[in-house]
Amino acid sequence: MIIILFGAPGVGKGTQAVILAEKLGVAHLSTGDAFRAAIKSQTPVGVLAKEYVDAGKLVPDTIVARIVEEAMSAEAFSKGCILDGFPRTRAQANALDDMLTSQNLVITTVVNISVDDATIITRLLQRGRADDQEDIIRHRLTIYNDETAPLLDYYSGKGLLTSVDGIGEVEAVNERILAAL
Ligand code: AMP
């Protein structure tokens with residue numbers, strides 16, 4: 001079971017991914033968490049990624065590929081996985097397809113969590129991570145719309161896309177996602 005949690009920054013992908021991974025008994029990969037950990041421990045990938053993460057820019061695909069390979073063992077993939085924050089570009093989606101094909105795996109579902117921009121900005125300002133300042137949040141939303149949202153068409157074309165309303169209590173949204181799977 002390979003599930004992609006999709007959506008703009010602040011729609012609740014991270015929160016939902018943790019709960020889903022627990023309920024379904026599968027691994028969870030957040031590329032954002034992996035980058036923050038790498039930056040904190042100043043690994044080579046972390047040193048390369050830092051300027052992009054701090055500025056709310058997408059880390060270049062070649063560096064993303066390195067963190068995904070490090071974070072995702074073939075075994076974790078084969079037992080099932082919730083992907084949160086990856087893929088974010090068409091090149092990443094292609095790389096994921098190649099990775100899965102080589103292991104005879106397929107994407108089960110792509111769940112798009114939708115929340116309006118005003119609610120996203122309020123939520124992220126409350127969360128208060130280093131990259132949760134209003135100008136950086138707006139930049140991340142612009143990048144999402146330009147580079148990541150087009151993947152919705154890609155996955156919809158493959159018949160893999162389902163959408164859920166991300167507004168409401170965490171548990172209520174989780175029930176919606178489980179119902180959509
Ligand atoms: P997130 O925790 O998903 O909001 O990601 C935080 C930051 O990590 C993003 O603003 C990017 O700088 C970087 N990042 C995380 N995942 C990716 C990805 N798949 N591609 C490029 N950059 C990423």
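Strands here are DSSP runs of E, at least two residues long, numbered from the N terminus. By that rule, Val-111 falls in strand β4, residues 109–114. The model is predicted. Its ligand takes up the space of the largest pocket, and the protein covers 95% of the 480 Å² of accessible area that the ligand has on its own.

**Ligand shell**
- The ligand has 16 residues around it, and Thr-31, Arg-36, Lys-57, Gly-85 and Arg-88 come nearest.
- By class, the shell divides into 7 nonpolar, 4 polar and 5 charged residues.

**Polar contacts to the ligand**
- Arg-36 places a polar side-chain atom 2.9 Å from an oxygen atom of the ligand.
- Lys-57 uses its backbone: an N or O atom there lies 2.6 Å from a ligand oxygen atom.
- Gly-85 also has a backbone N or O atom close by, 2.8 Å from a nitrogen atom of the ligand.

**Elements around the ligand**
- Two elements, α2 (31–40) and α3 (44–55), give two or more residues each to the shell around the ligand.
- Helix α2 supplies the largest share of that shell, 4 residues.

**Val-111 in strand β4**
- Val-111 has 0% relative accessibility, so it counts as buried; the cut-off for buried is under 20%.
- Pro-87 lies 24 residues from Val-111 along the chain, and their C-alpha atoms are separated by 13 Å.

Terms used
Residues are numbered from 1 along each chain as its sequence is written. This is a predicted model: local features need pLDDT of at least 70, side-chain atom pairs count only at pLDDT 80 or more; totals for chains, interfaces and linings use all residues. Side-chain values use heavy atoms; hydrogens and water are left out. A residue is near a molecule or strand if one of its heavy atoms lies within 4 Å of it. A polar contact is a pair of N or O atoms within 3.5 Å; within protein, one must be able to donate a hydrogen and the other to accept it, and residues adjacent in sequence count only if both atoms are side-chain atoms. Accessible areas come from the Shrake-Rupley method with a 1.4 Å probe; for residues, only the protein chains shown count as cover. On a 1 Å grid over the protein atoms alone, a cavity is a set of points where a 1.4 Å probe fits but cannot get out, and a pocket is an open set with protein on both sides within 12 Å along at least five of seven lines; lining residues have an atom within 4 Å of a point. A molecule sits in a cavity or pocket if more than half of its atoms lie within 2 Å of its grid points. Ala, Val, Leu, Ile, Met, Phe, Trp, Tyr, Cys and Pro count as nonpolar, Asp, Glu, Lys and Arg as charged, and the others, Gly among them, as polar. Buried means under 20% relative accessible area, exposed over 50%, partly exposed in between (1.4 Å probe, protein chains only).
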